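User: Could you take a close look at one part of this model for me, the place where the protein meets the DNA? I am in my first year, so please go step by step.

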Amino acid sequence: MKKGDHLFLVDGSGYIFRAYHALPPLTRKSDGLPVGAVSGFCNMLWKLMQNARDTDVGATPTHFAVIFDYSSKTFRNELYPEYKANRSAPPEDLIPQFGLIREATRAFDLPCLEMEGYEADDLIATYARLACEAGGDTTIISSDKDLMQLVGPTVSMYDPMKDKEINVPEVIEKWGVPPEKMIDLQALMGDSVDNIPGVPGIGQKTAAQLLEEYGDLDTLLERAGEIKQQKRRETLIENRDKALMSRELVRLRNDVPGVEPLDDFVLQPPNGPKLISFLKAMEFTTLTRRVAEASGAEAAEIESAQVDVEWGEAAHGPDVGSKPADATAEGDAASPAAAAGDTPGALAAARAAEAVAQKVDNTAYDCIRDIATLREWIAEAREAGVVAFDTETTSLDPMQAELCGFSLATRPGRAAYVPLIHKSGAGDLLGGGLVEGQIPARDALAELKPLMEDRSVLKVAQNLKYDLVIMQRHGIDVAPYDDTMLLSYVLDGGSNGSHGMDALSERWLGHTPIAFKDVCGSGKAMVTFDFVDLDRATCYAAEDADVTLRLWRVLKPRLAEKGLVSVYERLERPLVPVLGRMEQRGISVDRQILSRLSGDFAQGAAALEDEIYQLAGERFTVGSPKQLGDILFGKMGLPGGSKTKTGQWSTTARELEDLAAAGHELPRKIVDWRQLTKLKSTYTDALPGFINPQTKRVHTSYALASTTTGRLSSSDPNLQNIPIRTAEGRKIRTAFIAEPGNLLISADYSQIELRVLAHVADIPQLRQAFADGIDIHAMTASEMFGVPVEGMPGEVRRRAKAINFGIIYGISAFGLANQLAIPREEASAYIKKYFERFPGIRDYMDAAKAHSRDNGYVETIFGRRIHFPEIRSPNPSVRAFNERASINAPIQGSAADIIRRAMVRMEAALEKAGLHNTQMLLQVHDELIFEAPEGEIEAAMPVIRDVMEHAAMPALAMKVPLHVDARAAKNWDEAH
DNA sequence: ACAGAAGCTTA
DNA sequence: GTAAGCTTCTGTT
């Protein structure tokens, strides 16, 4: 910085409070996110930066920075613990805007500064001093009187809301003293807002008068005895210390250490696309247009940014203050702000009421049968800016399904179906021809494609992943989009009821949609959708789009109301296309290997069967637990044996192992037989049937919204439970192979759940052990039993390991005793010992239970909520179960969130590294499986590890490092 | 043809 | 003790 340069310092924290109260409330159109202050801030920044170019207007900045308070705790609290203590929590709809304003600053490419232990004002004072020393001028964008002490020859202030400059004359006019006496003035008059005591009974007028007469505070206090008015004289003498302390509180520090060099603040030309992307996300249309015009960018071509919204709990900082216990983000309809109709809560409530009030009439929909009408509908969708859609196909498997038609809804009650390949004569042996008057599929899709890909039209679907795959197969990349199933999952995960459309419609609209089986039948009598007549198909298909749109209107605002926007936008929505692509890629499975294994297993099972019949003395259905129980415990009279809840003899592997250990031959054979038949029927026989005839690969289906904790699930086939524990089972993994020239890479998180536990419960020993990379179970054993890690007996470590896992599952003495086959008392003693060694774990468990009981849900480290509606059940065992699940859910769920984040980022990271043919195929909870050409393997593994190990950043700094092991091989067995 | 119980596979 | 999905058997519709 040099002479003639001009530094602009924006008091960001001050601005937001003022803007919030001064500007009319404004909420983001699509979901009611409060953005009034953000809007004012952006407009103000834009105007100021424009001045940098329009040199004839006002001051022209060469350097620019925005300063924020870091935390409510500063060095002033050490001087005076009551400092700012009476500050109340900020209004609820202001909370998310603190983070957004920082985002806005970054979108403007401006330095966003804050420092722990100091207020924004101290930083401003420091930078103003540095600018002055460098010969430059400073304008502080604020009207806060606390900053007026800085005004002088090179420093002025500017009130952006009143468009008024504040220089020395203005300060004198307003306060009756020049800027250099502001400190003394404030020390005398105090400040009720900041809880600065001042001198009782002395206000602004008296303070100014006294300073006028005596010059400064020190002189005044020295000569206080000379004051004529008795009362004033006495209070001044009596409150001397208060005045001096107040002065230290109001005096700004202009020597904050470790600040950034001014040269870093040189004003850059604005980054148009980045800024426009943010403004679009905020839905500030006017400013978006202005910025686009000024920067010559085409706003329509720029994608809206993904912006994280923090609703308080997770946000650091001050600005958020301490929230009163009752002021949750629940958008209380009775709160004054909500009553004004401007909070997300009020919008959500209004939408919910609207949804029930507007009845669904599924006989009023259009069937579109010509291009002209379709074009009208598409124009209508563009006008509306949001359109719900649904595809009707011939199969639940999107990789095999044929598109029969699609439906669109532009507003509640306004929906249509576009049939494409419907056929007449269902049941007709000859299978009738195409129904007359349908738009050729190719033509209709050509019309649909631009709408589906239009960045300015939001597409809404229920279980979007399915429709996305269908569309992708027709060359259409749907964006942007929302998924009502995922909205429901984020809002009500764990609550009773599913997130299927029919259930959501019942719950939110009070309407029962036409059931699929009433249209197509079920079982053997089921017909594919292309054989449904057009009237019936229109009622059903258009209703689905209509209902989806209505659900979206109800659910979307609730996201902001509950503070779940970032969970949805970071952990759910972006995963949809990623999983879609993984499913479409599939994995190669070697038929020959499976077939050979099936033969081996069949042979083994047959041999065992013979031996079993001999030992039992009769032939029976070995696979029937009922018959087996009768033989073992009835006919043969073997001892022990417990009963299942239906009164049958239990024949679990556990039970049979015990009998085998007691020297009985038959139970061992049964266990072995079960293993072989299980492997055969579930895996080696079933998997070949899943090989897609076109792709020759197996395409699993991932459910995003089926687990309570946030994990994915896999089905058709389930590739998340392929055997690994036994040598026999492991052989199945050798059938999962890479294409010739490729290898499979398996990358898995090591001990991710224990690491999450160490993080959330903040256990020093665990953190240390993970930081040092030592054996966590051996460490636990060593702590508990006082055994050195060196030369530790295997049994000791095994017990510690069982306890560690038990903790994650919400330990009980009963369960641990069961797991370790030890008496309950012994298990109890272990748990007691464990809690003595790691009291933080007990604290965590108690806190999780209490939170669940008090709120009905628990949260992961990224804010995902998992509901436990039965946590207060009067039934003790139901309650205990919910308590254990409440302990487990944040751990399992946080781990699930972490790998989700890794998956969302993985493709771009690989792409950026030039690894265009390294593809993510499978996810198994803590493991990702990739296929890559041999030439990319070396480069891919570090990229994959890096993305996975840093997946929590930057949202969260884990207190424990994450560790990923990765290996590459021809098949999954060797890669893992 | 379907639903629930029992059992087994995974993280 | 947490979270899933699939197969077989068995009894009901």
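**Where the protein meets DNA strand B**

Analyst: Let's begin with one contact: a phosphate oxygen of DNA strand B has a backbone N or O atom of isoleucine 724 2.6 Å away from it. Keep in mind that this is a predicted model. Threonine 644 uses its side chain instead: an N or O atom there is 2.6 Å from a phosphate oxygen of DNA strand B. Both residues appear among those that come nearest to DNA strand B, a group made up of Thr644, Thr646, Thr651, Ile724 and Arg725.

Now, which part of DNA strand B lies within 4 Å of the protein, sugar and phosphate or bases? Of the strand atoms within that distance, 87% belong to sugar or phosphate, and the rest belong to bases. A base does take part in one contact you can look up: an N or O atom in the side chain of arginine 711 is 3.0 Å from a base nitrogen of DNA strand B.

Let's step back to the whole surface around the strand. There are 25 residues around DNA strand B, and they divide into 11 polar, seven charged and seven nonpolar. To find the element with the largest share of this surface, look at helix α28, residues 665-684, which supplies four residues.

So that you can find your way back, here is a short recap: Thr644 and Ile724 each have an atom 2.6 Å from a phosphate oxygen, while Arg711 has a side-chain atom 3.0 Å from a base nitrogen.

Conventions
Residues are numbered from 1 along each chain as its sequence is written. Chains are lettered from A and ligands numbered from 1 in the order in which they are written. This is a predicted model: local features need pLDDT of at least 70, side-chain atom pairs count only at pLDDT 80 or more; totals for chains, interfaces and linings use all residues. Side-chain values use heavy atoms; hydrogens and water are left out. A residue is near a molecule or strand if one of its heavy atoms lies within 4 Å of it. A polar contact is a pair of N or O atoms within 3.5 Å; within protein, one must be able to donate a hydrogen and the other to accept it, and residues adjacent in sequence count only if both atoms are side-chain atoms. Helices (H or I, at least four residues) and strands (E, at least two) are DSSP runs, numbered from the N terminus. Ala, Val, Leu, Ile, Met, Phe, Trp, Tyr, Cys and Pro count as nonpolar, Asp, Glu, Lys and Arg as charged, and the others, Gly among them, as polar.
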